[in-house]
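Visitor: I should like to take a close look at a single part of this protein. Please begin with one residue, and then show me how the parts around it fit into the whole.

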Amino acid sequence: MKTITLIKGDGIGPEITDAVIKIINSAGVAIDWDIQTAGADVIEKEGTPLPQRVLESVKRNKVALKSPVTTPIGKGFRSVNVQLRKELDLYANLRPCYNLPNVITRYDKVDLVVVRENTEDLYAGIERQIDDNTAESIKRITRGASERIAKFAFDYAVNNNRKEVCVVTKANICKLSDGLFLESARNIAQNYPQIKFREILVDNCCMQLVQNPNQFDVLLLPNLYGDIVSDLCAGLVGGLGVAQGANIGKDYAVFEPVHGSAPDIAGEDKANPTAMLMSAIEMLNYIGEKEAAKRIKLALFETLNAGIKTADLGGSAKCSEFTDAVISRLAILVK
Ligand code: ATP
């Protein structure tokens, strides 16, 4: 039996985690969950929102499923998400975005993947206060990290039957930093003649995405633009409740929904577990449980097609009702 780290998080984290585990169990996949708590709730006891035991667990098991974790603002703690990605060198953030059945949006047939560099850029946390009225944040870009993420994007394209990689920068303004990211992507692109290579500036990319998202296939971005553009893309296909994500490195992978802990609806049985479920489906694919992943996806799609949706998608189902509806469809598929 495979052991996988399960980071339960806070806010709506525990509700959507329970829902997803119930669904995975119903699909007949045997997983031994190594449950780890993190975030605001563990600070008092352990002095940090990301205790060492969580990192050790992921290092031991290599794969984790993670729900949203809140980092308290203004208490001097570094973001749990950023720290986790850094400590485990999860350098690639992968966010597939595609239309789901019966989730009504402004666009049809969106099917794109955002590949975001996860370790540097303005997220490197190099900031300084010059004086009371002036502060600086350093945007660090290196050739090594840029070539590594570009290679990831092209390999992903090859392995997933994608046709094009489009690199997104502001290299006309940040000539050195974004210029280096762009140059690195150009260098790597030469090794993949079978994949079309395209370059676009981030402002134009945003406009094109809301005018005609169907033109995009794989988007390759440095960290900050990747953060912003991937939320934009989530909005194209139904919003945060359906946006899945994964953070992948050479040795470890952590699968997690894009959304945060949504404290405004926590504990009300209102959260949409779809984003977490789709992240779990990708995790199952990653560990080789492809048949179970397929069955769960089918059950999810059938549930949505039957008009059973949570409030964020305009429906009236509670999180628990939605979960039960997926499980009942799964029961028929498993038979
Ligand atoms: P973070 O900074 O941690 O990303 P945030 O405050 O920017 O958090 P979220 O916590 O993701 O954002 O919530 C943004 C909005 O989306 C909230 O109104 C929240 O209720 C809603 N939301 C987020 N996730 C879900 C979900 N799974 N189901 C339903 N609504 C959600």
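Guide: Let us begin with asparagine 247, which belongs to strand β11, a strand that covers residues 246–248. The model shown here is a predicted one. Asparagine 247 has a relative accessibility of 1%, and therefore it counts as buried, since buried means under 20%.

The side chain of asparagine 247 takes part in polar contacts with other side chains. One of them leads to the side chain of asparagine 93, at 2.6 Å. Another joins asparagine 247 to the side chain of arginine 85, at 3.4 Å. If the neighbours within four places in sequence are left aside, the residues in contact with asparagine 247 include Arg85, Leu90, Ala92 and Asn93. Asn118 is also in contact with asparagine 247, as are Tyr252, Ala253, Val254 and Glu256.

The domain assignment helps to place these residues. Domain 1 is made of two stretches, 1–94 and 242–335, while domain 2 runs over 106–236. Asparagine 247 lies in the second of the stretches listed for domain 1, and Asn93 lies in the stretch listed before it. The polar contact between the side chains of asparagine 247 and asparagine 93 thus joins these two stretches. Asn118, by contrast, falls within the bounds of domain 2. Between the two domains, 14 residues of domain 1 are in contact with 15 residues of domain 2. The centres of the two domains, taken over C-alpha atoms, are separated by 25 Å.

A second asparagine offers a useful parallel. Asparagine 61 is part of helix α3, which spans residues 52–61. With a relative accessibility of 9%, asparagine 61 is counted as buried because its value is under 20%. Its side chain makes a polar contact of 3.2 Å with the side chain of aspartate 34. Beyond its neighbours within four places in sequence, asparagine 61 is in contact with Lys2, Thr3, Ile4, Thr5 and Asp34.

Lysine 62 is found in the loop between α3 and β3, the latter covering residues 63–66. Its relative accessible area is 41%, so lysine 62 is partly exposed. The phi angle of lysine 62 is near 75 degrees, which is a positive value in a residue other than glycine. In general, most residues other than glycine have a negative phi. Aspartate 269 also has a positive phi, near 60 degrees. Aspartate 269 is placed in the loop between β12 (253–255) and α9 (274–286).

We may now turn to the ligand. Its surroundings consist of Ile12, Leu240, His259, Gly260, Ser261, Ala262, Asp264, Ile265, Ala271, Asn272 and Asp312. By class, this shell holds five nonpolar, four polar and two charged residues. An N or O atom in the side chain of histidine 259 is 3.2 Å from a nitrogen atom of the ligand. The side chain of aspartate 264 brings an N or O atom to 2.9 Å from an oxygen atom of the ligand. For alanine 262, a backbone N or O atom lies 2.8 Å from a ligand oxygen atom. On its own, the ligand has 620 Å² of accessible area, of which the protein covers 57%.

Finally, glycine 11 lies in the loop between β1 (2–7) and α1 (13–26). Glycine 11 touches Ser261 and Ala266, not counting residues up to four places away in sequence. Ser261 is also one of the residues that surround the ligand.

Methods
Residues are numbered from 1 along each chain as its sequence is written. This is a predicted model: local features need pLDDT of at least 70, side-chain atom pairs count only at pLDDT 80 or more; totals for chains, interfaces and linings use all residues. Side-chain values use heavy atoms; hydrogens and water are left out. A residue is near a molecule or strand if one of its heavy atoms lies within 4 Å of it. A polar contact is a pair of N or O atoms within 3.5 Å; within protein, one must be able to donate a hydrogen and the other to accept it, and residues adjacent in sequence count only if both atoms are side-chain atoms. Accessible areas come from the Shrake-Rupley method with a 1.4 Å probe; for residues, only the protein chains shown count as cover. Ala, Val, Leu, Ile, Met, Phe, Trp, Tyr, Cys and Pro count as nonpolar, Asp, Glu, Lys and Arg as charged, and the others, Gly among them, as polar. Helices (H or I, at least four residues) and strands (E, at least two) are DSSP runs, numbered from the N terminus. Buried means under 20% relative accessible area, exposed over 50%, partly exposed in between (1.4 Å probe, protein chains only). Contact means heavy atoms within 4.5 Å. Domain bounds come from an automatic or database domain assignment.
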